[in-house]
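Me: I have this protein open in front of me and would like a close look at one part of it. Could you pick one stretch, go through it slowly, and then show me what surrounds it?

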Amino acid sequence: MPLVHRCLLNIVLILVGFVVLVVGGELLVRGAVALARRLRLSPLVIGVTVVGFGTSAPELATSLVAALEDAPGIAVGNVVGSNIANILLILGLAAVMMPIIVDRSALKRDSVVLIAATLAAVAILFLGEASRLAGFVLFAGLIAYLTYVIRTSPRPEAEEETAMVGAGRSAAYLAGGLVGMIGGAMLLVQGAVALAEAAGVSEAVIGLTIVAVGTSLPELVTSVIAARKGEGDIALGNVIGSNIFNILGILGLTALITPITVPADMSVRDGGILLAATVALLVVCRTGLRVTRTEGLAFLALYVVYLWMLWP
């Protein structure tokens with residue numbers, strides 16, 4: 001098959017994988033929200049776990065499949081690239097649409113976890129390996145964080161409407177979403193790896209850009225919709241929750257299942273940019289407790305510069 005035809009076929013596989021991932025993520029989040037309401041979890045817990053973490057489900061499926069198929073550049077690049085895109089691209093775009101007001105108490109709690117998780121990711125990039133022990137520590141940190149959030153959040157009274165959502169339907173949504181995400185991830189990884197080989201571009205670059213942005217589509221949609229509705233705090237919480245889960249949950253669980261060797265071309269530069277973007281986000285949030293349109297534009301400009309640095 002000619003090179004052009006192979007590239008087109010791989011692009012189609014990537015696009016189909018994106019679509020299936022997004023649909024699967026939507027079903028998973030819908031089922032998880034219904035189940036959380038039946039269990040009388042508070043809106044805060046639903047937001048942190050279901051919205052923030054649920055929208056990271058495509059990244060989880062993609063990184064797991066990539067690691068199992070011996071594509072570490074995509075497995076790690078997906079996490080690092082998604083976190084950078086969440087801050088600079090997604091939150092930047094949301095802030096341009098509507099300035100974001102920051103919840104001081106939530107920022108105080110989540111910022112410590114976010115910076116600690118980011119430092120752990122940078123250390124893994126620097127050491128060049130995510131061992132099973134590192135994966136265990138990261139995943140244990142996620143469990144501890146979730147336990148703290150659930151225990152310190154008030155449980156609301158049961159709502160009459162929640163009884164209308166059947167457990168069977170919730171389970172069907174969850175199962176359908178899981179199947180969709182695994183299938184979409186397999187198509188996405190297969191197409192991305194083949195495209196990288198055909199185009200002479202490293203797996204790390206593909207993982208940091210195409211795969212990372214593609215699997216961040218749920219966060220993008222959620223944040224943009226929230227910004228348009230004037231719910232900037234949801235957009236911010238979605239990004240922070242997703243970034244925490246990407247590192248502690250996705251990288252942790254993936255390394256726990258199969259140790260990952262970080263590709264040599266995924267340099268300390270990428271970890272440095274991730275750390276810088278995270279620190280910039282927290283500094284901006286603490287300054288005036290808002291993310292302005294000007295700051296959002298600055299984030300978008302920095303993301304364009306980062307993409308320019310990646311491509312040879």
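What follows is a close look at helix 4, and then at other parts of the protein.

Reply: Happy to. This is a predicted model, in which local features need pLDDT of at least 70, side-chain atom pairs count only at pLDDT 80 or more, and totals for chains, interfaces and linings use all residues. Residues are numbered from 1 along each chain as its sequence is written, and side-chain values use heavy atoms, with hydrogens and water left out.

First, the setting. The protein has twelve helices and four strands; helices (H or I, at least four residues) and strands (E, at least two) are DSSP runs, numbered from the N terminus. Of its 312 residues, 50% are buried, where buried means under 20% relative accessible area, exposed over 50% and partly exposed in between (1.4 Å probe, protein chains only). Among contacts with a separation of 6 or more, 88% link residues 24 or more positions apart; a contact means heavy atoms within 4.5 Å.

Now to the helix itself. Just ahead of it sits Asp 70, in the loop between helix 3 (57–68) and helix 4. Asp 70 is exposed, at 63% relative accessible area, and its phi is near 60°, a positive value in a residue other than glycine.

Helix 4 covers residues 72–97, and its 26 residues should span 38 Å at 1.5 Å a residue. The expected span is 1.5 Å times one less than the number of residues. The end C-alpha atoms are 36 Å apart, which agrees. Along the way, helix 4 bends by about 40° at Asn 86; the bend is the angle between axes fitted to the seven residues ending there and the seven starting there.

How much of helix 4 is covered? Most of it: 21 of the 26 residues are buried. Leu 93, also in helix 4, is instead partly exposed, with a relative accessible area of 31%. Leaving out residues up to four places away in sequence, Leu 93 touches Leu 220, Val 224 and Leu 300. Its C-alpha atom is 9.0 Å from that of Ala 227, although their positions lie 134 residues apart along the chain. Asn 78 and Thr 215 are 137 residues apart in sequence, yet 7.9 Å apart from C-alpha to C-alpha. Thr 215 belongs to helix 8 and is buried, at 0% relative accessibility.

Helix 4 also takes part in the largest nonpolar core. A nonpolar core is a set of buried Ala, Val, Leu, Ile, Met, Phe, Trp, Tyr and Cys residues joined through side-chain atoms within 4.5 Å. This one has 55 residues, and those with the most contacts inside it are Ile 84, Ile 100, Leu 236 and Leu 281. Two or more residues each come from helix 4, helix 5 (104–127), helix 6 (132–152), helix 8 (203–215), helix 10 (232–257), helix 11 (268–286) and helix 12. A second, separate core of 20 residues includes Phe 18, Leu 188, Ala 192 and Val 201.

Some of those partner helices deserve a visit. In helix 5 you will find Thr 118, which is buried at 0% relative accessible area. Thr 118 touches Ile 247, Leu 274, Leu 275 and Thr 278, again not counting residues up to four places away. In helix 6, Leu 133 is exposed, at 61% relative accessibility.

Helix 12 (residues 293–310) holds Tyr 303 and Tyr 306, three residues apart and so separated by about one helical turn. Both Tyr 303 and Tyr 306 are buried. A search of the whole structure finds one aromatic pair. It is formed by Tyr 303 and Tyr 306 and is tilted, with 6.3 Å from centre to centre and 45° between the planes. Rings of Phe, Tyr and Trp (its six-membered ring) pair if their centres lie within 6.5 Å; planes under 30 degrees apart count as stacked, over 60 as edge-to-face and the rest as tilted.

Last, the charges. One salt bridge is counted, taking a side-chain nitrogen of Lys or Arg within 4 Å of a carboxyl oxygen of Asp or Glu. Arg 269 and Asp 270 form it, at 3.6 Å from N to O. Arg 269 is partly exposed at 31%, whereas Asp 270 is buried at 0%.
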